[in-house]
Amino acid sequence: MTLGKTFEYVGRIMMVQLFGWGPAFGCHSPSPYVMKSMMQLDMLGVAYTTHIADLEEAPYQKAPYVKVDGKIVADSAFIRRYFENKLGKDLDEGLSKAERATAWALERMVESEMGLMLLHERWLKDENFERGPAIFFADIPEGMRAPIIEDVLGKLAMRVDMQGLSRFPESDRVILFENAVRALSDFLDDKEYMFGDRLTAVDATTYSFVHSCMSDIFVSPMRDVILGYDNLIAYEKRVGQCCFNTNKWAAE
Ligand SMILES: N[C@@H](CCC(=O)N[C@@H](CS)C(=O)NCC(=O)O)C(=O)O
């Protein structure tokens with residue numbers, strides 16, 4: 001889909017293409033990382049077109065990635081960095097050193113703690129896999145589908161097992177998840193955004209993962225945990241209304 005589709009720097013017009021996936025699983029994207037990059041590109045004033053990711057061309061076999069005049073930049077952290085450098089902008093402008101350190105620690109907590117739980121809940125619970133991720137395999141011919149799914153799920157299960165999360169009983173997984181959610185809620189407190197009345201980089205991460213964990217198409221304790229924190233519910237609604245008020249994947 002074309003959205004103005006260019007941005008200008010030092011007198012040049014550049015084509016920016018963002019690769020990921022559009023609305024799915026009751027979310028603006030099935031991938032919180034794709035949502036994070038969409039939001040950060042918008043915050044930086046970068047216009048882009050959206051395209052379905054081809055994980056074989058993606059340098060790390062992951063989305064999001066962008067193409068800028070054909071050059072690929074991959075990983076949401078590096079996409080942010082690339083455009084901040086290119087445009088001489090700073091998504092954390094106005095934050096002190098201590099606030100920047102806190103922002104980065106919060107971002108990595110959200111991605112590692114909530115991200116792994118999200119992966120566990122969506123992919124490794126059979127019922128949820130059928131409700132969501134199974135769609136990614138729908139185009140594979142039936143005879144080949146089951147072994148491919150088994151291979152993918154085996155690798156994901158190994159990853160979650162190595163980290164240790166799936167070795168805990170569900171009640172303990174929920175305690176860890178809630179620790180992260182409570183930290184976000186306590187930090188947000190009664191502010192509009194994470195660091196006050198202006199969006200900063202970590203809002204893109206926080207919003208995208210909170211929004212993803214609140215999806216009501218999956219059977220998971222994640223949504224119920226978040227529903228216990230009124231300020232996060234209001235934040236999710238507020239940021240969604242301001243930053244995702246159009247479907248940028250409509251033509252895909
Ligand atoms: N560190 C990466 C994480 C991206 C990521 O994990 N993307 C997932 C979708 S949510 C993906 O593409 N997974 C495909 C795979 O690992 O095979 C980022 O920040 O962009």
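User: Buried or exposed: which word fits Asp216 in this model?
Analyst: Keep in mind that we're looking at a predicted model. Asp216 has 9 other C-beta atoms within 10 Å, and a residue with 12 or fewer counts as exposed. So with its 9 neighbours, Asp216 is exposed.

User: Where does Asp216 sit, and which residues does Asp216 touch?
Analyst: Asp216 is in the loop between α7 and α8 (221-227). If you leave out residues up to four places away in sequence, the ones Asp216 touches are Gly26 and Arg223.

User: How far apart are the C-alpha atoms of Asp216 and Phe25?
Analyst: Along the chain, Asp216 and Phe25 are 191 residues apart. In space, though, the gap between their C-alpha atoms is 8.3 Å.

User: What phi does Phe25 have?
Analyst: Phe25 lies in the loop between β2 (12-20) and α1. Phe25 is buried, because 20 other C-beta atoms lie within 10 Å and 20 is enough to count as buried. Phe25 isn't a glycine, yet its phi is positive, at about 60°.

User: Which domains is the chain divided into, and how far apart are their C-alpha centres?
Analyst: The chain splits into domain 1 (6-87) and domain 2 (97-243). Take the C-alpha centre of domain 1 and that of domain 2, and the distance between them is 20 Å.

User: Which helix gives the largest share of the side of domain 1 that touches domain 2?
Analyst: At this contact, eleven residues of domain 1 meet 14 residues of domain 2. On the domain 1 side, the residues divide into six nonpolar, two polar and three charged. The largest share of that side is seven residues, and they come from helix α1 (residues 32-43).

User: Which residues touch the most other members of the largest nonpolar core?
Analyst: The largest nonpolar core has 47 residues. Its largest share, seven residues, is from helix α7 (residues 201-213), and the core takes at least three residues from each of domain 1 (6-87) and domain 2 (97-243). As a rule, nonpolar side chains in soluble globular proteins tend to be buried together. Here, the members with the most contacts to other members are Met114, Cys213 and Ile226.

User: Which residues does Ile226 touch?
Analyst: Ile226 is one of the core members that touch the most others. Setting aside residues up to four places away in sequence, Ile226 touches Val181, Val210, Cys213, Met214, Leu232 and Ile233.

User: In which sense do β4 and β5 pair, and what is the bridge partner of Val66?
Analyst: Strand β4 (residues 65-68) and strand β5 (residues 71-74) pair in the antiparallel sense, over four bridges. One of the pairs to look for is Val68 with Lys71. For Val66, the bridge partner in β5 is Val73.

User: Which residue in the hairpin of β4 and β5 takes a positive phi near 50°?
Analyst: This hairpin has two residues between the strands. The one that takes the positive phi near 50° is Asp69.

User: How do the residues of the shell around the ligand divide?
Analyst: Among the residues that surround the ligand are Ser31, Tyr33, Leu55, Lys62 and Asp75. Ala63 and Pro64 belong to this shell too. Sorted by character, the shell comes out as five nonpolar, three polar and two charged.

User: What is omega for the cis peptide bond joining Ala63 and Pro64?
Analyst: Look for Pro64 in the loop between β3 (49-52) and β4. The peptide bond from Ala63 to Pro64 is cis, with an omega of about 10°.

User: What phi does Asp75 have?
Analyst: Asp75 is another member of the shell around the ligand, and its place is in the loop between β5 and α2 (76-87). Asp75 is partly exposed, because 18 other C-beta atoms lie within 10 Å. Although Asp75 isn't a glycine, its phi is positive, about 90°.

User: How far are the C-alpha atoms of Phe137 and Ile148 from each other?
Analyst: Phe137 is in the loop between α4 (126-131) and α5 (142-163), and it counts as partly exposed because it has 14 C-beta neighbours inside 10 Å. Not counting residues up to four places away in sequence, Phe137 touches Arg145, Ile148 and Ile149. Phe137 and Ile148 are eleven residues apart along the chain, and their C-alpha atoms are separated by 8.4 Å.

How values were computed:
Residues are numbered from 1 along each chain as its sequence is written. This is a predicted model: local features need pLDDT of at least 70, side-chain atom pairs count only at pLDDT 80 or more; totals for chains, interfaces and linings use all residues. Two strands pair if DSSP finds at least two bridges between them. A nonpolar core is a set of buried Ala, Val, Leu, Ile, Met, Phe, Trp, Tyr and Cys residues joined through C-beta atoms within 7 Å. Domain bounds come from an automatic or database domain assignment. Two residues are in contact if their C-beta atoms, placed from the backbone, lie within 7 Å. A residue is near a molecule or strand if its C-beta atom, placed from the backbone, lies within 6 Å of it. Ala, Val, Leu, Ile, Met, Phe, Trp, Tyr, Cys and Pro count as nonpolar, Asp, Glu, Lys and Arg as charged, and the others, Gly among them, as polar.
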